[in-house]
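The following exercises concern the structure shown below. Each task is followed by a solution that proceeds step by step.

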Amino acid sequence: MTNCPRLEDLYLYLEGELNPDEARELDAHLAACPACRDALTERRLLHEAFTSLPPLDVPRDFALAVMDRIPETAVPSAGWLTALAAGSAALVTCLLGFYLLTGQNLSDVLVAFSRSLGTASGRLLPFLAKMWKLAGIFLGVAADLFSELGRGLGLVTGFLGAGGLGLALCLGVILTLLLLYGAKRLLSLGERP
Amino acid sequence: MTDDRTLVAQALKGDRKAFEMIVRRYEQPLTSYLGRMTGEREAALDFAQDIFLKVYCSLGSYRPSYKFSTWLFKIASNHLIDHWRKKKLSTLSLDQSVDGEDGSLTPQVSDPSPPVDRKFELAEVRRRIERALESIPEAFRELFVLRHVNEFSYEEIADIKDLPVGTVKNRVFQAKEMLRKRLEGS
């Protein structure tokens, strides 16, 4: 007869958590061991009770009580509305404030503002278009560069291991600090070559 | 039936009805868990409200790759831990094993008389388990409740509690043996 199983395995057996081989082995043992059969019988009733504990009753209006406590402001769309309202209020306040401070007619101010906006747009738009194109090229190059850098770092990490990489980084930092210190000494006033 | 992830996505778009459906789906499992952990129904209901509120405010951080029920019970478990920490309730060391238990199988003498009415007997055992549950340390009780009241798998409990599966199995087992000994002693 095999050794008696752990008590934990008897519970796992009752729960159906043992793998088929373990369960078969335990079945064979139980057939030959009255003490383990008794232990299992005793725990079987407990297991049935453990797995049939009733759920607690919840009042019918529980969900409504929860929903009453849920803040309206947490709803994402409300955030946009608030921002839009705040932005509009700020614009109106600025225009009114400008009118009150300078004494100029609000319509004149608006006409002047829109004219300036038009002029600025006429000058800015071609410039922005060029910048947009340059930024696209720059981002493409940077993405390639970072990708290669990442691959290189991966190779170095694989070669050096975590400890080696840490050491290399420390040496790199120390070297950079020394270079910066040297540059500062060279550039400082009164330094003789 | 709409699945949890879809309901969460709808709630994130501002659909309050979707969140209400989540509440209705989980109000009973959550309250059953909290009721066993606090030992008071009213306190369990209050906690459940607080936890659903916390869940609503944290929906943005929910990752759909995670099972929603596991995420919800993780928040609930942390909420209880915070509560106990504030109340500074004493807890039993987790290193302490079941009294007199060395893990080996001790032969038990079973009751020779067959049960007259098994249903009645089962109901009586359940009633005594509910009472005995309050007397076992919460770290063991919680894992037992998650396993047998909420019917989570050992792997899911390990996720909720950030514990290895082996530890969860062992603590659930220890909780059961504690209950068995208390039932014997009562």
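**Exercise 1: A covered helix**

In the predicted model, Tyr154(B), Glu156(B), Ile157(B), Ala158(B), Ile160(B) and Lys161(B) are the buried residues of H7(B).

Task. Determine how many of the eight residues of H7(B) are buried, and identify what these buried residues pack against.

Solution.
Step 1. Six of the eight residues of H7(B) are buried, and the helix is accordingly described as mostly covered.
Step 2. The partners of these buried residues come from both chains: H1 of chain A on one side, and H4 (68-87), H6 (138-148) and H8 (165-185) of chain B on the other.
Step 3. The confidence in this element can be added: H7(B), residues 154-161, has the highest mean pLDDT among the elements of chain B, at 96, whereas helix H5 (residues 118-133) has the lowest, at 87.
Step 4. One of the buried residues, Lys161(B), forms a salt bridge with Glu142(B) through their side chains, at 3.0 Å from N to O. This pair links distant parts of the chain, with Lys161(B) in H7 and Glu142(B) in H6 of chain B, 19 residues apart. Glu142(B) is buried as well, since its relative accessible area is 4% and the cut-off for burial is under 20%.

**Exercise 2: Positive phi outside glycine**

Task. Locate Glu151(B) and Asp162(B) in chain B, and state whether each is buried or exposed.

Solution.
Step 1. Glu151(B) lies in the loop between H6 and H7 of chain B. Its phi is positive, about 55°, although the residue is not a glycine.
Step 2. Asp162(B) follows H7(B) and is placed in the loop between H7 and H8 of chain B. Asp162(B) also has a positive phi of about 55° without being a glycine.
Step 3. The exposure criterion is a relative accessible area over 50%. Glu151(B), at 60%, is therefore exposed, and Asp162(B), at 59%, is therefore exposed.

**Exercise 3: The interface of chain A and chain B**

Task. Describe the extent of the contact between chain A and chain B and the composition of the side contributed by chain A.

Solution.
Step 1. The contact takes 44 residues from chain A and 51 residues from chain B.
Step 2. About 4,700 Å² is buried between the two chains, 63% of it on carbon and sulfur atoms. In chain A, the residues that lose the most area to chain B are Phe50(A), Leu53(A) and Leu56(A), together 14% of what that side buries.
Step 3. For polar interactions, the rule finds 17 residue pairs in polar contact across the interface, with both residues at pLDDT 80 or more. H1 (7-15), H3 (34-50) and H4 (62-69) of chain A each supply at least two residues of the side that touches chain B. The largest share of that side, 11 residues, comes from H3(A).
Step 4. By residue class, the side of chain A that touches chain B divides into 30 nonpolar, two polar and 12 charged residues.
Step 5. As for confidence, the predictor gives the complex an ipTM of 0.78 and a pTM of 0.61.

**Exercise 4: Salt bridges between the chains**

Task. State how many salt bridges the rule finds across the interface, and analyse the pairs of Arg147(B) with Glu17(A) and of Arg180(B) with Glu42(A).

Solution.
Step 1. The rule finds six salt bridges across the interface. One is that of Lys176(B) with Glu15(A), at 2.5 Å from N to O.
Step 2. The side chains of Arg147(B) and Glu17(A) meet at 3.3 Å, N to O. Arg147(B) lies in H6 of chain B and Glu17(A) in the loop between H1 and H2 (20-32) of chain A, so the pair joins two chains. Arg147(B) is buried at 12% relative accessibility, whereas Glu17(A) is partly exposed at 30%.
Step 3. Arg180(B) and Glu42(A) form a salt bridge at 3.4 Å, N to O. The pair crosses between chains, from H8 of chain B to H3 of chain A. Arg180(B) is buried, with a relative accessible area of 4%, and Glu42(A) is partly exposed at 24%.
Step 4. The second pair belongs to a network of salt bridges that links Glu42(A), Arg43(A), Glu177(B), Arg180(B) and Glu184(B).

How values were computed
Residues numbered from 1 in each chain as written. Chains lettered and ligands numbered in written order. Predicted model: local features only at pLDDT ≥ 70, side-chain atom pairs only at ≥ 80, totals over all residues. Heavy atoms only, no water. Contact = heavy atoms within 4.5 Å. Buried area = accessible area lost by both parts, 1.4 Å probe. Salt bridge = Lys/Arg side-chain N within 4 Å of Asp/Glu carboxyl O. Polar contact = N/O pair within 3.5 Å; in protein donor to acceptor, adjacent residues only side chain to side chain. Helix = DSSP H or I, 4+ residues; strand = E, 2+ residues; numbered from the N terminus. Nonpolar A, V, L, I, M, F, W, Y, C, P; charged D, E, K, R; others polar. pLDDT = per-residue confidence, 0-100. Buried < 20%, exposed > 50% of the residue type's maximum accessible area, 1.4 Å probe, protein only.
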